[in-house]
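Student: Could we go through this structure together, one contact at a time? I would like to see how each answer is reached.

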Amino acid sequence: MARVSEALGFSSLSFPALSAPEIEESGPSFVPRVLRINNEASLKGRGGIVSVAAGSRCLYIACLNGDLLRWYPDENEGTRIEFQAPRATDRLEIRRVFLDEKGMHCLVAMANGDNYYVHYSSSQARFLTRLQDHFVESVAWNRNTTESSTRDFIIGTRHGVLLECLIEGGKDRHVRPLFEFPKRTPVLDVHVETAPLPGGGHRQLLLVAIPRHLYLFVGNPTLSAVFQNLSSSDLKTFLAFEVPQESPQAGPVLQLLKKKGSVDVLVFWTTGIGIVSSTLCLSSSSADGASSPLPPARAFFSSESPVVISFPFPSLQEDTSFFGGSEGGAESERDRRGKGARDDDDALFPSSPGGPPPLSVTVTDFHVLLLYDDRLVALSRITHEKVVELPLSGVKYGTVRRLLQDRFDQSVFLYTDAFVCQLVISKESAQAWRLYLQQGKFAVALSHCATAAQRERVLVSQATWHVGRGRFVEAAELLAQTRSVPFEDICLFFLAHSQPLALRSFFLSRYKQLANAVGAGPEMPFRTPGGAQPLNGEGAGHLRPSAASPTPQQVMLFVWTVELFLHELAQLDSALSCRLRRDRNLGRDETSAAPASEEETREEEERERAVELLRKRQRETEEELRRLLAEFRGVDEVQATVYTLLQAHGRFEHLHFFAELCGDFESVVIHYLTRQDYATVIEKLAQMSDLPLRDALLYRLAPLLFRHEPRAFTALCCAPAFSHIDSARLIPALLHCRGTKQQKENAEAEEERGGERGEKTGEKKTKGEERRECAIHLLTHFARQATNCRDASVLGISGGSSSEVPGSFARRPTAAAPRLQNSQNASFSTSQKGREIQGSWKGSTGLWNALIVLKAESGDEEDLLRLLAAQKPGHLPFDPQFALRFCLENKRERSAVLLYGLLGLHKEAVEKALSTNDMTLGQHAANAPTDPAQRQRLWLRLAQHAAVHEDVPALVALVRQSGNLLKIQDVLPYISDSTVIDSLKEDICASLDAYEQRIASRYQEMETHKEAISALKEELKTVNQRCVVVEVDQSCDVCCEPIFTERFYAFGCGHCFHASCCQRLRVPAMDVDTLAEFERRIVDLDRAMERGAPAEDLEQLESAVDDILAGECSICGTLMIRSIALPFIGAGESLEEINSWNIVEDPSDLQDEDGES
C-alpha cells in the first residue's frame, strides 16, 4: 500500500498519524480467580470435582464421592443435595450435571444410567423413573421454563437417541423418543433456537451435533412433526455440515452467540479439525411461512463458506496459519467451487487438523478460549491468531477439567479437580480496532475505536487505502473528519494532483462538520422559484447553516468552495463550447461530402453523447452550487464577496438566485428592471414575504409597472396579500395614464390629420384605454375596501367581484422603458396634473375623487352616472364640490345634475337638467327633496318649461307622473290663451269629479261625528247613575278577612280590597316615577295630619293617594296582565314556599283510580 501511495505522489503529504509511533495499548488479560467455597476443605475429602454446571449466578458442583453442592458465589452460600437411591446397594457416581439458563432446574446424570432432578428451592434430588437407563450426554432446555415446569426440552443420549421430556412438580411427566441416529452414534450436544414467523408465532430449530456431523431440524412450526416417519435415509436433508474427523472431546461442542443488531446467531462447532464457525440465518428462516415446504438445512446457514479456526500448535511448533480465515483462502475456495468442484461438505473443510485438540472450548465476544492440560490459550475471533497463552500449574490448580460459561452474565468459569475459578476478563476489545484495521475492515474498526487517537489512525489508514486506488473524493471526505493531518497539507496534496473535485468534497465535508456543530439555521424567507427544486437533498452538498454567526473557518470554506464551483463551471462551459464548435465544423464538412457511412454515424452519436454528458455535468454542478448558496444564505458578511465572485464569472442567474435567498429583494427587482422585464418584476413582488420592503418597492415602481404592465399590476394589487397597502400612494401612478392637457391636444390633432400617423395614435390610444380601464378597476377595488362596501351597485358597477380584472393578463412584449433611477421623475411627473385637480385627496376621499376623475374623462358617461345615482345625500365618500367643478369643466352636464342633487341644490339641479333639455333627469332631481312643497315647486318649474315649448301632451304626462303633486288646475295658468285645450277636456272633467267626490266624503264625515257626539252624551248620563253594592259578609279578595274591619276599596268589577292589601299589591309593581310620586303623596298626607290641616285638604290628599292605589282593579287591570310573564316563585321566596309548589301525587288518589279501573 505504501508503494502505491508513493507512486501517486502521496508521500509528499505528511500524515502525522502514519508517521507517529505505534499507539501503546495493553492487550486483553485473562486471569483465573479461585472462588473460595465455604466448605472447600471438604471437596478434597469428597474425592474432588467431577462436573460443574452454571446458570443465573448459581453453581452445581458434583464430587467424585457422589455429593452434589449448590453454591451461590455472590452470597458464598451453599447447600448439599440429598439423593434417594432407588437401590440401596447402588453407589452414587455423578457423571454430568445440566442446569438451565435461569438456574431453576437441574438434571443430574449418573454413571449407571440413573437420572435425578433437583429444583432450585429444594435440597432433595428426585429420581426420574422414565429416564432410567438413558445415559444423558446433552440437554437443550426450553427457554420458556417456569418455576414449576421445565416445559418440553430435548435430551441427547450416549446411544444416539433424541428424547423429548417434560418435568413438572419434580416428576418426569413424559419421556418421548424422537429419533435414533444410525450406529447409535452419541449425541454430543443439542441446542434449540426459535425464529419468528411472518403471521405470528415461532418456529423451532434444533441443532444436533454428533462426532462428525451437524444436523439442523427445522420445525414446521414445532419439532414433533419433523421426527414423525423420519428414517435414516432422510437425514441428508437435515445435514448442515460434515467434518472428516470426530470431535476430540465429550460434552458441549456447540456454542451460539447473538449477532449484534440482528436476529441471526453465530454457531461455533468444536470438531476434530478445529472450530467451525458459521451464521444461522433466523431472519431468512422466518421469511417462509409455516405452510410452505422447508428447504434443506444448509440453506438456513450463511451462503459464505464456513470459517474453520484451527487448534494452535504448542509454543515450540506454533503455526500461525489458519484455514478459511483469510480473504485469499475464501476467494480461492469460491473460485474452486465456481469451476465445477464437487459440492459436498467434505470439500469445505481441510482433511488434517492443526495443533492438538483442547479439553474444552468457550467462545466470548472477541476470543475463543481453549483449555489444555497445562495452559489456557485465547485465540482472536478476528484474526484467529493466538493472543494470550496462560500456563496452568498442576501444583497450584490441580488437574484441569473443563471451561463453562454462565449465559446470564457471560461469565466464564474454569474448574479443576480441586478448585472452581472464575476467569476475570479485562480489556477484551482493546485490540479489536487494530485487528479489524489490519484486515481492511475500516467501518468495523471505526466502531470499536475507544479513543480519538485510534479513530484518527483508522480514518487516515482508510484515506490512504482510497488514495492508493485513485479514489480521491472518498479520501477527502475521510480526511475532513481528522484533526491530526494539517489542513494546508491536505489542500496542497489535492492541488498537486489536480483533484479539484476531491478538494471541493473536502471543503464541503469540513464545512458540514462545523455547521452541524453549531446547529440548524432558520427557514428560507423566500419561496422557492418555479424553476428551482426544493433544496433539501442529502449528501455532501446538503449542508446545514448555523443560526448563530458563522465562524471564520466556515466563511473561508464557503468562499473557497464557491470559487471551486465557479472554476469548474467555467471549465465545463469552455469544454462544451469547444465541443459544439468542433461538431459544427465537422457537420459542415460532412454536408459538403458524400453521404455518411455507418462508422461516421456512430462517431456522430458518440459526439452527441459526449455533449449531453457535458451538459449533464454542467446542470449537476449548477445545482450543487445553488444548494451551497442556499445553505449560506443567512450570512450577511459574505454577500458582497459572493456578489463579486458571481459577477466576475458572469453568473448573473446565480447572482440573482443568491440575492433572492439572502433577502436582498431590492437588488433582484433592480436586476429585472434593468432588463426591462416588468412582468417578472411583478412576479417577484408577489413572491416576497418581507412586507415593508415589498410595499416600499411597490410604491416606488408603481408608475413604471402600471405603464408597461397595467393588467398584471392591477391583478397584483387586487390580490389578498396586498389588501393592506396604502392605496393613496398609488393614486399618482394611476392618474398618470390620463396624460397632460398638451398630450391630449396633440393626440386629437394627430387623429384629425389621419393617415399613418393617425394609425399609430390609434394604437397609443388603445394602450391608454387599457391603462384607464385597469386604473378604474383598481380604484373601484380600493374604494370597495376603504368604504367596506359589499353592494356592487353602490360603486356603480353591474355586479361581480372587484378583484376580477377585465380582459386577459397574458404577458405582452413591452416597449423600451427608462431605468430605475429615472422612475422617480416619472412617478412624480403627475405633480403638475395634481395642481390642476383641486380637492381633498386624503384617505378614501382621494380614491373616490380619482375614480370620478377617470370616469368623467372616459368616453362614456354612463359609468359615472351609475356611480353618482347609487350615492345617498349626506353620506358621500368623495368631495362633491370638487366632483361638481370637475364635471362642469369637462362638460359632464348630466353628472352635474346628480351632483347638484347630492349637494342639496335641487333647484340648480332642475335648472341644469332643463338646460340640457333632459326632462327625465329633471324629474329625478325634482323628486329628490323631502319637503312636499319644495317638490311641488320643482315640478311646477318642469311644467313651466314644458308649457314654454307648448307641448300640451308632455304637460299632461308630466301631471300624471308627478304623483299627485301637480293638478291640472296648477298647470292651466302656464298654458297660453292661444293653446287649444280640447286635449285637456278629459283631465279637467276628471279633476271636477274628484272635487265633487271629496266634498261628498267631507259631508259624510260630519254626519258620523254628530252621531258619535250623541252616543257619548247618552253614555255620560248612565255613568252618573252607576253604583257598587257591597254585601254585609263581603270579604277582602286578598286576605279573605271581612271587608268592613278597615278602610277598603270597591271596584265596579265586584272586587274589594283593604287599603293595606291593595298597597301591598300595587307598590312592588310600580315603576320608578309612580313610586316616587306615591311616596311623596304619603309624606304630604302624614305632615298634614301632624299639623292638623283642614278636612278639605286631608280629603284632597287622600284622594290623590287613592288615585294612585285604586286607579284600577289589581286583579282585572294591567297589573295582572303584566304578571302573566312572571314566574310563580320569585328569587326571594323561602324554601318552604318553594317546596309547597312541588307536584306530589296523593297515594289515596292512585288507590281510588285503581279501584275505579
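Tutor: Gladly, and keep in mind that this is a predicted model. A good place to start is F506, which counts as buried because its relative accessibility is 0%.

Student: Which residue forms a tilted aromatic pair with F506?

Tutor: The two ring centres are 5.3 Å apart, and the planes meet at 35°. One ring belongs to helix α13 (residues 500–518), where F506 sits, and the other to helix α12 (residues 487–496), 19 residues away. The partner of F506 in this tilted pair is F487.

Student: And how is the pair of F487 and W560 classed?

Tutor: A pair of aromatic rings is described by the distance of the centres and the angle of the planes. Planes under 30 degrees apart count as stacked. The centres of F487 and W560 lie 6.1 Å apart with the planes at 25°, so the pair is stacked.

Student: How many residues apart are F487 and W560?

Tutor: F487 is in helix α12, while W560 belongs to helix α14 (residues 552–592). The pair links distant parts of the chain, and the separation is 73 residues.

Student: Is W560 buried, partly exposed or exposed?

Tutor: Buried means under 20% relative accessible area and exposed means over 50%, with partly exposed in between. W560 has 32% relative accessibility, so W560 counts as partly exposed.

Student: How many aromatic pairs does the whole structure hold?

Tutor: Ring pairs also link F179, F181, Y215, F217, F227 and F238 into a cluster. A search of the whole structure gives a count of aromatic pairs, and that count is 22.

Student: Let's turn to charges. Which residue forms a salt bridge with E137?

Tutor: E137 is in strand β10 (residues 136–140), and its partner is in the loop between β11 (153–157) and β12 (161–168), 21 residues apart. E137 is buried because its relative accessible area is 8%, whereas the partner is partly exposed at 32%. The closest N and O atoms are 3.5 Å apart, and the partner is R158.

Student: Why does the salt bridge of R711 and E773 tie together parts that are 62 residues apart in sequence?

Tutor: The closest N and O atoms of R711 and E773 are 3.6 Å apart. R711 is buried, with a relative accessible area of 11%, and E773 is partly exposed at 34%. The pair ties together parts 62 residues apart because R711 lies in helix α21 (residues 710–718) and E773 in helix α24 (residues 755–787).

Student: What is the N to O distance in the salt bridge of D1106 and R1047?

Tutor: D1106 is in helix α39 (residues 1095–1109), and R1047 is in the loop between α36 (985–1024) and β29 (1048–1050), 59 residues apart. D1106 counts as buried at 18% relative accessibility, while R1047 is partly exposed at 43%. A salt bridge needs a side-chain nitrogen of Lys or Arg within 4 Å of a carboxyl oxygen of Asp or Glu. For D1106 and R1047 the N to O distance is 2.7 Å.

Student: How many salt bridges are there by this rule?

Tutor: Salt bridges that share partners join R46, D67, R80 and E82 into one network. By the rule, the count of salt bridges comes to 29.

Student: What is the charge of the surface patch that includes E598?

Tutor: E598 is in helix α15 (residues 598–631), and it counts as exposed because its relative accessibility is 64%. The patch is formed by E598, E599, E600, E603, E604, E605, E606 and E608. Asp and Glu count as negative, so the charge of this patch is negative.

Student: Now the backbone. What value does phi of H384 take?

Tutor: H384 is found in the loop between β24 (375–380) and β25 (386–391). H384 counts as buried, because its relative accessibility is 11%. Its phi is positive, in a residue other than glycine, and lies near 65°.

Student: And where does S56 lie?

Tutor: S56 has a positive phi near 55° and is a residue other than glycine. At 27% relative accessibility, S56 counts as partly exposed. S56 lies in the loop between β2 (49–54) and β3 (59–63).

Key:
Residues numbered from 1 in each chain as written. Predicted model: local features only at pLDDT ≥ 70, side-chain atom pairs only at ≥ 80, totals over all residues. Heavy atoms only, no water. Patch = residues over 30% accessible without salt bridge, like charges linked within 9 Å, V, L, I, M, F, W, Y side chains within 5 Å. Areas by Shrake-Rupley, 256 points an atom, 1.4 Å probe, with all protein chains shown as cover. Charge placed at Lys NZ, Arg CZ, Asp CG, Glu CD. Helix = DSSP H or I, 4+ residues; strand = E, 2+ residues; numbered from the N terminus. Buried < 20%, exposed > 50% of the residue type's maximum accessible area, 1.4 Å probe, protein only. Phe/Tyr/Trp six-rings, centres within 6.5 Å; stacked < 30°, edge-to-face > 60°.
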